[in-house]
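Visitor: I should like to go through this model strand by strand. Could you guide me?

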Amino acid sequence: MKLQRMRVEQLRQFRKPFVLDNLQPGLNLIHGPNESGKSTLVRAIRAAFFERYRSTAVDDLRPWGDSAAAPTIELSFEHQDKPWRLTKSFLQRKRCDLTIGTDSYSEDDAEEKLAELMGYQYPKRGVSKAEHWGIPGLLWVEQGTGQDLEQSVEHAGDHLKSALNSLVGEVASSGGDGVIEAVRAQRDILLTGTGKPRGDYLQLDKDRIQHEQDIAELNDRITKYQEQVDRLGKLSQDFERAEAERPWEDAQRQLEQTREHYQQVAQLEQQQSQEKATLAQLQQNHRLLQQNRDHLENLSNQLVARKAELDKAEQALSLAEQQTPALIKGLGDAKAAYESAEKHLKLARLLETRGRLEQDVQRLEQRKQTLTQNLTKAREYQQQVDHARTQVRENRIDADQVKQLKKTEHQLAEETIRSRTIATRLSWQLEPGASLTLNQQLLQGQGEQQLLEESSLTVPGVGTLAITPGGDELASTRRRLTGLQQTFDEQSKALGVDSVEQAENRLAAFDSAHRALTHAEELLKTVAPDSTDQLVSEHKEVESELQTATHQLQAMARPDQTSPVPAMAEAEAAFTSASQVLDKAEVSERRHQAELLTLKQARDSARAEWQRLADEEQNPERQQQLKQLSADLADIERQTAQLQTSLEQRERDIRDARPDLLRQDIERYQNTINNLRQSQEARGRELRDIKVRLEAWGAEGLEEQLNEQQAELEQCSRRYQELHRRAQALGLLLTLLTEKRQALTRRLQAPLQKHLNHYLSVLFPQATLEVDEHLRPGTFIRGTELGQMAELSFGAREQMGLISRLAYADLLLEAGRPTLVILDDTLVHSDQERLEDMKRILFDAASRHQILLFTCHPEKWQDLGVPPVDIQALKEGAAGAART
Amino acid sequence: MPRFLHTADWQMGRSYSRFDSEDGAALVEARFQAIEKLAQLANEHQCDAVLVAGDVFDAQTVSDRTLRRVFNATQGFAGPWVMLPGNHDAALAESVWTRAVRLGAVPDNVHLALEPVVINLQPQGLAILCAPLTQRHTYGDLTEAFSGYDSTQGLVRIGLAHGSVQGLLSDDIDATNPIAPERAEASRLDYLALGDWHGTKQINPRTWYSGTPEPERFRNNEAGNALIVTVTEPGAVPEVTQIATGRYQWHQWRETLAVESDLDQLLQRLQALPEPSVVDLRLEGSITLAGEERLLSALSVAEARFRSIRCERSGLQLEPTDDDIAALKADGYVGEVIDALRQPQQGDHSQTARDALAILAGLLKDQGQEASQ
């Protein structure tokens with residue numbers, strides 16, 4: 001399809017006719033500034049095709065304020081080597097005329113032809129909207145919508161597919177999608193999205209289960225009912241048989257017989273026990289009588305025994321009496337021996353005491369002597385001590401001071417010596433008789449003096465010589481000497497001595513006296529350790545003790561020293577032995593006396609017993625009694641024998657009757673009767689219960705209910721099976737339809753993909769853009785980028801949109817469909833580099849399709865290689881032409 | 001000249017699971033009407049008594065309503081009715097009979113033969129020797145006791161029993177409740193009225209199964225009759241007249257469709273059936289889409305005509321002809337789907353595929369019709 005000429009009149013700003021002529025088969029760049037009518041031309045082309053000529057909703061075509069206008073569009077184009085000419089007027093003059101070659105169409109026919117050619121629909125009423133635009137909606141891009149591809153593709157969908165069908169030689173089902181929808185709708189009634197039953201189908205399944213449960217319950221109840229009926233039959237039989245036979249009455253009869261029998265036995269047992277009591281009495285009596293007889297018969301024997309006992313007692317007594325004298329003699333001896341031993345012991349004790357006293361006196365005397373000596377010595381030593389003390393007192397001197405004195409003397413001597421060495425020695429040898437006076441001291445003879453001081457030597461007659469000793473030290477030496485001399489003098493004085501020797505002598509005397517004192521005190525201590533006074537009192541005590549002892553000794557009788565006296569220990573041992581012997585003798589004697597008494601008593605009582613028995617034996621009543629007793633005994637024995645026979649007989653009878661078993665029988669029969677009666681009563685009760693129960697259950701018509709339930713279940717199942725089959729069939733159908741449709745779509749995608757790749761390789765080498773099942777560009781892959789087209793930038797989307805549209809155009813062209821691409825100010829968001837690529841693409845596409853590119857930026861498109869058409873210039877030219 | 005009506009196997013209280021509830025109810029109702037019809041027949045033929053040879057009730061526990069209605073339905077005939085318990089309504093300790101008595105539903109002229117006794121209908125000249133079932137199943141011949149029963153001189157001796165005559169009936173009859181085939185002769189019976197076999201059947205001149213008065217299943221032959229029996233005097237050979245009582249005819253057809261004319265034939269036969277019919281069709285073989293359309297249309301008509309019609313077609317292969325397919329005008333992938341569905345399938349799949357094809361054909365046809373409008 002190639003648009004060749006376009007004419008508009010009374011259309012918006014084109015009040016006057018405007019002609020766009022000489023349109024090229026390839027690229028046409030049509031430009032003009034804003035408001036120049038560029039968009040109006042685009043709108044005019046759209047209106048010419050999309051709007052019904054009789055539409056009242058196209059007021060926007062009317063020039064502003066011109067209500068009488070009839071907007072008119074004339075289009076001339078060529079398609080399949082035929083010239084097409086379309087004239088469409090709106091509003092005031094509604095017309096549509098189409099000539100194709102030599103054929104003419106008008107009004108609706110014309111419009112239908114156009115729609116069929118281009119592949120779009122008309123709106124039922126009102127203005128044409130995007131959803132009606134079909135393929136032109138895809139190829140004719142309005143300003144600012146180049147990026148919005150999806151909607152356009154969707155609206156072009158069926159037209160695209162039918163175009164593609166012819167291309168790939170396939171038939172997309174004409175009503176296929178409708179069928180799928182119908183199948184899906186029907187399936188959705190039965191199944192959920194995930195294939196689970198829903199609605200009636202689900203309910204039927206539930207009902208079925210419910211019915212099955214109900215039936216199972218009913219069956220249970222019917223089984224129970226039948227069991228109860230059977231039980232009832234059996235019970236009724238048993239009950240009636242029991243009522244007829246009355247087995248408990250037989251048992252009753254047996255019970256009574258047994259009771260009678262048992263009573264007889266009980267009587268026998270009573271008799272038996274009475275007779276046993278009688279027998280016991282007889283036996284008791286027999287025993288007593290026998291005892292009596294035995295007693296009587298025993299008397300003589302006892303008498304002999306008593307006599308023997310008496311003799312024996314007497315013999316024992318005489319034997320004991322014979323022993324008496326010996327025992328008495330033994331006792332006397334023992335007493336004598338005891339007394340002798342006692343005497344000896346006394347004597348021995350006296351001697352012992354005396355000896356001890358004598359020893360005491362001796363010892364005390366010795367002591368007294370010693371004390372006296374000590375006393376004498378103590379006095380002597382005391383004197384020594386006193387003397388020594390006096391000495392000490394008299395010579396008391398301080399040893400340190402003496403030492404000090406000695407030291408001072410020594411220093412003095414040394415100093416004197418030194419002074420002598422430095423002193424001016426004055427020797428003199430005078431003529432006898434001559435004298436000199438040195439310092440008022442008369443010197444004679446020979447002598448020497450050392451002068452330490454200024455001295456004056458007066459030589460009589462001569463005068464006086466003044467001698468002044470020289471040397472520096474002299475004065476100090478002299479002062480020291482004087483000092484020392486003073487010290488010495490003071491110390492001597494303090495000590496009270498004249499010289500050191502004297503002091504030392506005194507010190508020696510003091511020490512000696514001190515030692516003498518110590519010694520004397522030591523000596524005194526040896527004789528009077530405590531004190532002399534104590535010694536004196538001790539002495540007195542001893543003296544008094546001695547005196548006492550002496551008195552005692554004198555008072556004590558002097559023992560007879562004639563007989564030999566045993567030693568003390570010996571005497572004591574003898575005495576102890578003697579007293580023991582005596583004790584023993586006395587005990588024996590006492591025991592003997594007691595024995596004698598006992599024996600005498602025994603003999604007396606034996607004699608008395610014997611006497612009594614002897615008297616009794618002689619009694620005549622006793623003989624009589626004996627005879628009577630024997631008779632009685634015989635009688636009792638006879639009776640006993642009789643009784644025992646009778647008892648044995650009866651015992652056998654009782655044993656044979658087995659009363660224990662009889663008792664058990666009675667119990668058994670009673671239980672039997674009770675059981676029989678009770679079970680019959682229980683039967684009766686159960687019968688009544690079952691009857692009541694069955695009546696109730698029977699009234700429910702269980703089996704009829706079951707019948708009905710089963711019928712319902714069967715219907716339910718039938719219906720369920722039908723729906724189940726239908727659901728499966730619909731499922732299968734839907735699956736198949738969907739699969740086949742998808743397979744078809746995949747086949748359709750291939751050619752589109754091919755064309756898309758062709759453009760894409762120019763714009764984004766190494767990128768891919770996949771076509772989805774709705775023939776829309778979907779996933780975009782560039783390197784590692786992966787995404788949907790919608791996620792790209794606006795500019796990129798616009799570019800992609802454009803190449804997609806061009807790809808559709810290629811596809812349509814191949815299918816022999818008309819392709820006209822109209823781009824209204826497109827690619828305004830592309831950068832320079834992309835724009836260059838897009839220009840190459842457009843140029844390429846223009847070799848196959850006619851492209852009308854409207855723009856208000858002609859400078860951007862200078863290098864498209866086509867001459868631009870300036871609307872403004874055309875308008876002015878037209879106006880000019882009109883004017884001319 | 002005693003005359004009586006011999007019937008059996010009423011099976012009251014049975015419901016019909018295979019039918020829709022409406023049809024089932026009508027069939028149940030027909031059984032009550034059958035009793036009324038029997039009463040009417042007894043009057044028309046001046047019968048002295050009506051003998052029911054067992055299975056009056058289908059179960060022991062039927063609803064009180066059913067129970068009362070059964071006895072109410074007998075009211076048309078005022079003469080004596082003798083009802084014998086059969087295996088479905090055996091005279092157990094507690095049974096449908098004891099309940100009926102307890103409810104006071106049994107009219108005075110209805111004799112319940114609950115025990116093996118002789119019921120003397122002196123005025124009618126009949127002695128009825130009864131062999132009721134008192135257990136659900138017995139394995140001994142209950143009619144054996146008939147030989148020991150002495151009946152009043154001059155009365156016609158009629159045996160009334162329920163069970164299967166040994167050696168005569170097919171094996172699918174329960175082997176329980178046996179009856180000796182020569183019972184009538186052996187026990188000096190003038191006539192032995194039997195129940196249990198639902199079709200009318202003569203065992204010998206003196207022994208008959210009356211069959212059920214209203215058919216209730218497809219299997220029976222000769223169901224839906226009653227017998228009018230006339231015995232002129234004791235020892236005379238009975239005169240037995242079979243009278244149709246059934247309202248509905250039950251038909252069960254098993255057909256295999258192979259060629260087009262088979263379907264034509266089937267539809268003609270269907271057309272020929274009287275309206276009160278109960279039809280059960282099971283079709284096998286194959287059918288074209290066009291044929292199926294005809295069949296469905298005919299079934300739709302039949303549904304309205306007959307009491308009930310059911311058609312089991314799961315064995316019937318839908319095999320559309322190429323013309324059929326062309327008529328659907330299925331193009332593109334829908335055409336492919338049809339091809340896929342026409343491929344031979346296995347097992348359940350073939351069923352599903354057939355169903356799917358039918359659904360698709362329906363949809364396409366609807367679409368075609370819409371398009372053409």
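Visitor: How many bridges join strand S3 (residues 27-31) of chain A to S19(A)?

Guide: The model is a predicted one. In it, S3(A) and S19(A) run parallel to each other. One pair in this ladder is Leu27(A), which stands opposite Ile851(A), and another is His31(A), whose bridge partner in S19(A) is Thr855(A). The number of bridges joining S3(A) to S19(A) is five.

Visitor: Which residue of S20(A) is the bridge partner of His31(A)?

Guide: S3(A) also pairs with strand S20 (residues 869-870) of chain A, in the parallel sense and over two bridges. His31(A) belongs to that pairing, and its bridge partner in S20(A) is Asp870(A).

Visitor: Why is S3(A) described as largely enclosed by the rest of the structure?

Guide: A residue counts as buried if 20 or more other C-beta atoms lie within 10 Å of its own. On one side of S3(A), Leu27(A), Leu29(A) and His31(A) are buried, and on the other so are Asn28(A) and Ile30(A). The strand is therefore largely enclosed, the buried residues numbering five of the five.

Visitor: Which residue stands opposite Leu823(A) in S19(A)?

Guide: S19(A) is joined to strand S18 (residues 820-824) of chain A by five bridges, and the two run parallel. Within this pairing, the residue of S19(A) opposite Leu823(A) is Leu853(A).

Visitor: How many residues of strand S19 (residues 850-855) of chain A are buried?

Guide: In a regular strand the side chains alternate between the two faces of the sheet. One side of S19(A) carries Gln850(A), Leu852(A) and Phe854(A), the other Ile851(A), Leu853(A) and Thr855(A), and all are buried. The strand is thus largely enclosed by the rest of the structure, with a buried count of six of the six.

Visitor: Turning to chain B, which strands are the edge strands of the sheet with the order S4-S3-S2-S1-S13-S14?

Guide: This is an open sheet of six strands with mixed pairing. Neighbouring strands are turned by 20° against each other on average, direction ignored. The edge strands each pair on one side only, and they are S4 (110-112) and S14 (239-244) of chain B.

Visitor: Within that sheet, what is the bridge partner of Val50(B) in S3(B)?

Guide: Strand S2 (residues 49-52) and strand S3 (residues 81-83) of chain B pair in the parallel sense over three bridges. Leaving aside neighbours within four places in sequence, the contacts of Val50(B) include Phe4(B), Leu38(B), Phe77(B) and Trp81(B). The bridge partner of Val50(B) in S3(B) is Trp81(B).

Visitor: Which element gives the largest share of the largest nonpolar core?

Guide: In soluble globular proteins, nonpolar side chains tend to be buried together. The largest nonpolar core here has 216 residues, and those with the most contacts inside it include Leu733(A), Val50(B), Ile158(B) and Leu360(B). The largest share, 21 residues, comes from helix H16 (residues 702-763) of chain A.

Visitor: How many residues does the second, separate core have?

Guide: Among the members of this core are Leu405(A), Leu524(A), Ala528(A) and Leu535(A). The second core has 17 residues.

Visitor: Which strands stand at the edges of the sheet S5-S6-S7-S10-S12-S11 of chain B?

Guide: Six strands form this open sheet, and the pairing is mixed. The twist averages 20° from one strand to the next. Inside the sheet, strand S10 (residues 191-195) and strand S12 (residues 207-209) of chain B pair in the parallel sense over three bridges, with Trp208(B) as the partner of Ala193(B). Each edge strand has a single partner, so one side of each is left without a neighbour in the sheet; these are S5 (118-121) and S11 (201-204) of chain B.

Visitor: Which element gives the most residues to the side of chain B that touches chain A?

Guide: In all, 38 residues of chain B are in contact with 46 residues of chain A. The elements of chain B that give two or more residues to this side are H2 (64-73), H3 (96-103), H8 (332-342) and H9 (347-372). By class, this side has 16 nonpolar, 12 polar and 10 charged residues. The element that gives the most, with 10 residues, is H9(B).

Visitor: What is the mean pLDDT of chain B?

Guide: The model scores ipTM 0.76 and pTM 0.52. In chain B, 95% of the residues reach a pLDDT of 70 or more, and the mean pLDDT is 85.

Conventions:
Residues are numbered from 1 along each chain as its sequence is written. Chains are lettered from A and ligands numbered from 1 in the order in which they are written. This is a predicted model: local features need pLDDT of at least 70, side-chain atom pairs count only at pLDDT 80 or more; totals for chains, interfaces and linings use all residues. pLDDT is the predictor's confidence in each residue, from 0 to 100. Two strands pair if DSSP finds at least two bridges between them. Helices (H or I, at least four residues) and strands (E, at least two) are DSSP runs, numbered from the N terminus. Axes are lines fitted to C-alpha atoms, for helices over the stretch in contact, and angles run from 0 to 180 degrees between N-to-C directions. Two residues are in contact if their C-beta atoms, placed from the backbone, lie within 7 Å. Ala, Val, Leu, Ile, Met, Phe, Trp, Tyr, Cys and Pro count as nonpolar, Asp, Glu, Lys and Arg as charged, and the others, Gly among them, as polar. A nonpolar core is a set of buried Ala, Val, Leu, Ile, Met, Phe, Trp, Tyr and Cys residues joined through C-beta atoms within 7 Å. A residue is buried if 20 or more other C-beta atoms lie within 10 Å of its own, exposed if 12 or fewer, and partly exposed in between; C-beta atoms are placed from the backbone.
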